[in-house]
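Me: I have a model open here and would like to go through it with you. Can you start me off?

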Amino acid sequence: MYHEMLMVGQWFSTLLKLVASAFLFRTYLKHLRRSALIWSAAFFVDAVSIASDTLSKEYGLAISQALAVSLLFYGAFMFLEEENISFSPAYIRNTAGIAPLALTVYTLGYYAFRGGSISFDELALVYGIAGFFYFFTGVLLIGLKDIYSRRGISLAVVFMLYGIHKMDYPFLRPVRWFAPIGFILGALFTLIEVALLLDIISSEKFKKLRTTPFKVKFGSHVLTVSPKEFQELKKRLGESPVLAFLRNMRDVPQSWEAYFVSNIPGPQVIPPTGLEKAIELSHVYLMKAERLGSHGIIVIDCLEYLMTYNEFTSIAKFLSALRDYVLLHGGTIIVVIEEKAWTGRQLTVLRRILGVEE
């Protein structure tokens, strides 16, 4: 009876993780969210770790468990950045993401250096490391409450509880009567995780780009307009799913995916120094629009504000990259320029980069 219950818990958990991996990968292919791809790999590797435990492959369990948690931890940073809840420099994100795997490899390397095979104590230690980072993945995901409300909080809490459950492995795995219960609890946490993840990734907030057709099409790929002209143009674009980077969030059409450019952190906010993030969002948006058979429209109405925090060469490279992506995917970029805020030479350079006539 013991072994039957143990096998049921293990294989049920494995099946759920494989299902989650498949759905997350499908979501990545449809919506190009890199966090979905990373988490898809994490759930797949986690399923492998359960198989390793079933087959008593201790090193396989330790490494695959650490790799799975590293991917989950890294994916949480990526998810928060995609939602503009938190913006972390790449070196911080990458260092944090590799930490669980690095600690595990170091621990296993130490015991291998001593010349002994891995024992339960060493295995329990690396499993505890995985549980620790699983818990803090949940702590990171608390930030989702600003976008996904109760669903975001629930997902964060489940991750934290599952992390605590993983940390009890060193204490309760040797207890014969509890082992099947432990795996069933793990399967239950996985089931709730998968249900919440599927609920989130199927929501319009996660998909970002609505399927609303573009009501306005332009003959040119690049337009430069004055602030006054933009107010008139905004009325024409009121029903199109425009991607906009703005300083004024008043009277923004509901169909727009608008980001407030500001140093004040919050949802749908991009810092003025986050030019690479704006380029990444624009690229994904244009690819998704093209996949829907539409021509994306990007609005930049914050250029003078960006200039106060960036060198002119950075602004020029930013606009050049956006123009290249727009040309590549057949979209349109609308740049709002207050000419009095720029020198004659700067205006000439900007127009040359954007490919518009003076």
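Reply: One pairing to begin with: V225 stands opposite V336 in β6. Strands here are DSSP runs of E with at least two residues, helices are runs of H or I with at least four residues, and both are numbered from the N terminus. This is a predicted model, in which local features need pLDDT of at least 70, side-chain atom pairs count only at pLDDT 80 or more, and totals for chains, interfaces and linings use all residues. Residues are numbered from 1 along each chain as its sequence is written, and side-chain values use heavy atoms, with hydrogens and water left out.

Me: OK. In what sense do β1 and β6 pair, and over how many bridges?

Reply: They pair in the parallel sense, over four bridges. Two strands count as paired if DSSP finds at least two bridges between them. T224 is placed opposite V335 in β6.

Me: And what is the strand order in the sheet?

Reply: The order is β1-β6-β5-β2-β3-β4, an open sheet of six strands with parallel pairing. At the edges are β1 (222–225) and β4 (269–270), each of which pairs on one side only.

Me: Back to β6. Is it buried or exposed?

Reply: Buried. Five of the five residues of β6 are buried, so the strand is largely enclosed by the rest of the structure. Buried means under 20% relative accessible area, exposed means over 50%, and partly exposed is in between, using a 1.4 Å probe and protein chains only.

Me: Which way do its side chains point?

Reply: T332, I334 and V336 point one way from β6, while I333 and V335 point the other way. That fits the general rule: in a regular strand the side chains alternate between the two faces of the sheet.

Me: What about β5, which strands does it pair with?

Reply: β5 pairs with β6 in the parallel sense over four bridges, and strand β2 (residues 243–246) also pairs with β5 in the parallel sense over four bridges. Towards β6, I298 stands opposite I333 and I300 stands opposite V335. Towards β2, A244 is opposite V299.

Me: Are the faces of β5 covered or open?

Reply: Both are covered. I297, V299 and D301 are buried on one side, and I298 and I300 on the other.

Me: What lies across this part of the sheet?

Reply: Helix α10 (residues 227–236) lies across β1, β5 and β6 and runs at about 120° to β1. The axes are lines fitted to C-alpha atoms, for helices over the stretch in contact, and angles run from 0 to 180 degrees between N-to-C directions.

Me: Switching to α13. Which of its residues are buried?

Reply: F312, I315, A316, F318, L319, L322, V326 and H329. Their cover includes α11 (275–291), β5 (297–301), α12 (303–307), β6 (332–336) and α14 (344–354).

Me: How far apart are the ends of that helix?

Reply: The end C-alpha atoms of helix α13 (residues 312–329) are 26 Å apart, which agrees with the 26 Å expected for 18 residues at 1.5 Å a residue. The expected span is 1.5 Å times one less than the number of residues. Just after α13, G330 takes a positive phi of about 70°.

Me: Which residues have the most contacts inside the largest nonpolar core?

Reply: F245, I300, L303 and F318, in a core of 46 residues. Apart from it lies another core, of 38 residues, among them F73, L80, A130 and L155. A nonpolar core is a set of buried Ala, Val, Leu, Ile, Met, Phe, Trp, Tyr and Cys residues joined through side-chain atoms within 4.5 Å.

Me: And T137, where is it found, and what is it in contact with?

Reply: T137 is in helix α5 (residues 120–141) and counts as buried, at 1% relative accessibility. Leaving aside neighbours within four places in sequence, T137 is in contact with L72, F73, A76 and F159. Contact means heavy atoms within 4.5 Å.

Me: Last one: what is the phi of D251?

Reply: Near 60°, a positive value in a residue other than glycine. D251 is in the loop between β2 and β3 (257–261), and is exposed, with a relative accessible area of 70%.
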